[in-house]
Amino acid sequence: MVISPIDTATPSISTDTVRYIAYLIRLKILDEETKVFSQQFSQIIEYFQLLNEIDTREVPPANENCPMNNVFRDDQVLPSMSREEFLNNLPQHEGYYVKVPLIFDDR
Amino acid sequence: MELYNLSIRKAHELLVKKQISSVELTSAVLANIHRLDPKIRAYLTVVEQRALEQARKADIRLHSRENITPLTGIPYAVKDCFSTRGIRTTCGSKILQDYIPQYSASVVEKLNNAGAVLLGKHNMDEFGMGSSCENSAFFNTHNPWNLERVPGGSSGGSAASVSAGLSLFAIGEDTGGSIRMPAGFCNIVGLKPTYGRVSRYGHIALVSSFDSVGPLTQDVYDCATVLQTIAGKDPKDGTSLPDPVPIYTTSLEKSINGLRLGIPREYFQAGMEAGVETVLQDAIRVFEKLGMQVQEVSLPHTRAALPVYYLILFAEASANLARFDGTRFGYSTNQKVESVIDLILQTRQEGFGEEVKRRIMLGAYTLSAGYYDAYYLKAQKVRSLIREDFRSAFEKCDVLLAPTCPTTAFKIGEKKQDPLTMYLSDIFVVATNLAGVPALSLPCGFSEGLPVGMQLIGNHLSEEILFQIGYAYQAETEWHNMHPLIT
């Protein structure tokens, strides 16, 4: 599915769009949530339309928030976390392997 | 005065004179936590034995008279968005409810090296998303000044804790007011430093280009002391600033006579409660009395700051929270799932709260094909204009004065069902994060029994001047010395 064409004048976000963006962000969504989010999103996005009153044709975007770029440091070899320690936080593992459900379906 | 209500400065004095020990001080604060925290609920985790052990070590250090810092033996706590090695770190979310980090945030390491005593972890809105602490996945925190009201957010646990004497100071994080707003609601001092002044390493990211780590304290002197310890370049955070850290506490008594105080016209037109405005006008008179030159200035794009802030937040937060997938760390669903995609979908449905879902979905929406230019790019362009507003205002004045919040602390539940109204309570605090400039929130009076906060906003790396002005104000006033009566 593709989101309906931009209509920034009368923004409204349908329940179908809510379902689609939930999938994009890898979030299972319940039916009762869809309706509430659709109303709230429409209201929030509508409020944001006030940005359209501002002329930004000649304005560059602000892409960074600090006065530096290309920060380098020497490559130092330091001890890293042990495998055992790293594995402590895995929800599931087998030996040194991360365990997850089926990724490729070969049925 | 009770030990748990001591300022850092006073406690340090008593510690070095051996009139009290860190174990005594830490025990007094822990006893106060046992007494009051069942009502306030500022803490998600208290590490009592560990704290007492750290206090014993601090006492040895104090006894040896070597390597003593102003924070040696001082009990404090951090917002639960900072990783603490071996101590549960939830970020206020179910998705991290049992997460125990294998490393500590740089700010925690620095405080540990200074000899400060970590008491535990403070409650917060889930992933910092909220202005009331009601979005914590665990429980609400109550405002010590009125238990039926919110402490503000997202560092609500931290502000309530410092206000009620449940820690001598706290470390919070301010993405769009999350230190200043609760500081204002709870009658304490909160600083959002210049972006990059304090390392973000080990902080669980919300908006990487806004997030600023800073102190919550009882007064300006303490705030300067804590910033001194935590500021500076960190090789682990490429955006941390290399500029030298001034010795803030030595210049606090410098005269502020002749400094120019700008009053942004748009902030006073935007609308605030009458009680808040009255208190602000009183504060302006104090600054005049202290010899400051008060003048009106304009920040023309003020009204646009809130939508710009939220649009960028949605986008960056949706990317930052992509890491929670139920496979590597954190919560993972117990439901039987067929595939990795199902595992991720189900884990995130169960693990994220409503506000987090709302924001990351809006992030996905505004970043999706065809919408990027209309929302995210547009917001970044207007952000340039907002920065320009501040640059030009700071040509005319040294600091700006604004209310921290348009209202005093609202009732628990009052705004919970209406996300847009909740967002509007951030109207005065978000612009500084867009511009990356520092802002100091200070207690400046009461309206109907509830504290009112004001913020001094300065140019990049002007923390020293903000502290001087704040210190001079506190020398003239008593608001910061008032403690809530909790029954």
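Okay, let's start with what I'm calling an element: helices and strands here are DSSP runs, numbered from the N terminus, with at least four residues for a helix and at least two for a strand. With that in hand, chain A reads α-α-α-β-β from its N terminus. That's three helices and two strands. And before I go on, please keep in mind that this is a predicted model.

Staying with chain A for a moment: it has 107 residues, and 31% of them are buried. Its accessible surface comes to about 8,000 Å², with 52% of that belonging to carbon and sulfur atoms. If you take the contacts in chain A with a separation of 6 or more, 29% are between residues 24 or more positions apart. There's also a nice little local detail, where Arg26(A) sits over the face of Tyr23(A), 4.7 Å from the ring centre.

Now over to chain B, and to helix 12, residues 354-367. This one has 14 residues and spans 20 Å from first C-alpha to last, close to the 20 Å you'd expect at 1.5 Å a residue. So is helix 12 largely enclosed or largely open? Twelve of its 14 residues are buried, so the rest of the structure largely encloses it. For the cut-off, buried means under 20% relative accessible area. The buried ones include charged-looking names you can spot in the sequence, such as Glu355(B), Lys357(B), Arg358(B) and Arg359(B), along with Ile360(B), Met361(B) and Leu362(B).

What do those buried residues pack against? Partly chain A: helix 1 (15-24) and helix 2 (31-48). On the chain B side, the partners are helix 10 (302-320), helix 11 (340-351), helix 13 (373-396) and helix 14 (419-424).

Next, the cores. In soluble globular proteins, nonpolar side chains tend to be buried together. Here the largest nonpolar core has 160 residues, and those touching the most other members are Phe127(B), Phe169(B), Ile171(B), Phe287(B), Met361(B), Phe390(B) and Phe467(B). Helix 10 of chain B gives this core its largest share, twelve residues. Apart from it there's another core, of eight residues, with Val162(B), Ala170(B), Cys186(B) and Ile188(B) among them. You'll have noticed Met361(B) on that list of well-connected members; it's also one of the buried residues of helix 12.

Let me zoom in on one residue, Val226(B), in helix 7 (residues 220-230) of chain B. Val226(B) has a relative accessible area of 0%, so it counts as buried. Leaving out residues up to four places away in sequence, Val226(B) touches Ile8(B), Leu71(B), Phe169(B), Ile171(B), Pro215(B) and Thr217(B). To give you a feel for distance, take Gly370(B), 144 residues along the chain from Val226(B): their C-alpha atoms are separated by 46 Å.

On to the rings. Searching the whole structure turns up 26 aromatic pairs over all chains. One is Phe127(B) with Phe324(B), a tilted pair at 5.1 Å centre to centre and 50° between the planes. What does that pair tie together? Phe127(B) is in the loop between strand 3 (117-122) and helix 5 (156-164), while Phe324(B) is in the loop between helix 10 and helix 11, so the pair links parts of chain B that are 197 residues apart in sequence. Both of these phenylalanines are buried. Then there's Tyr371(B) with Tyr375(B), a stacked pair at 6.0 Å and 10° between the planes. Those two are buried as well.

There's an aromatic cluster made from both chains, too: Tyr47(A) and Phe48(A) join Phe210(B), Tyr309(B), Tyr310(B), Phe314(B) and Tyr423(B). And in chain B, Arg88(B) lies over the face of Phe138(B), 5.7 Å from the ring centre.

Last stop, some backbone oddities. The peptide bond from Gly153(B) to Ser154(B) is cis, with omega near 5°. Ser154(B) is in the loop between strand 3 and helix 5 of chain B. Cys133(B) is in that loop as well, and has a positive phi of about 70° although it isn't a glycine. Cys91(B) also has a positive phi, about 55°, again without being a glycine. You'll find Cys91(B) in the loop between strand 2 (75-79) and helix 4 (106-113) of chain B. How buried are these cysteines? Cys91(B) is at 1% relative accessibility, and Cys133(B) is at 0%.

That's my tour, thanks!

How values were computed: Residues numbered from 1 in each chain as written. Chains lettered and ligands numbered in written order. Predicted model: local features only at pLDDT ≥ 70, side-chain atom pairs only at ≥ 80, totals over all residues. Heavy atoms only, no water. Buried < 20%, exposed > 50% of the residue type's maximum accessible area, 1.4 Å probe, protein only. Contact = heavy atoms within 4.5 Å. Areas by Shrake-Rupley, 256 points an atom, 1.4 Å probe, with all protein chains shown as cover. Expected span 1.5 Å × (residues − 1). Core = buried A, V, L, I, M, F, W, Y, C linked by side-chain atoms within 4.5 Å. Phe/Tyr/Trp six-rings, centres within 6.5 Å; stacked < 30°, edge-to-face > 60°. Lys NZ or Arg CZ within 6 Å of the ring centre and 35° of its normal.
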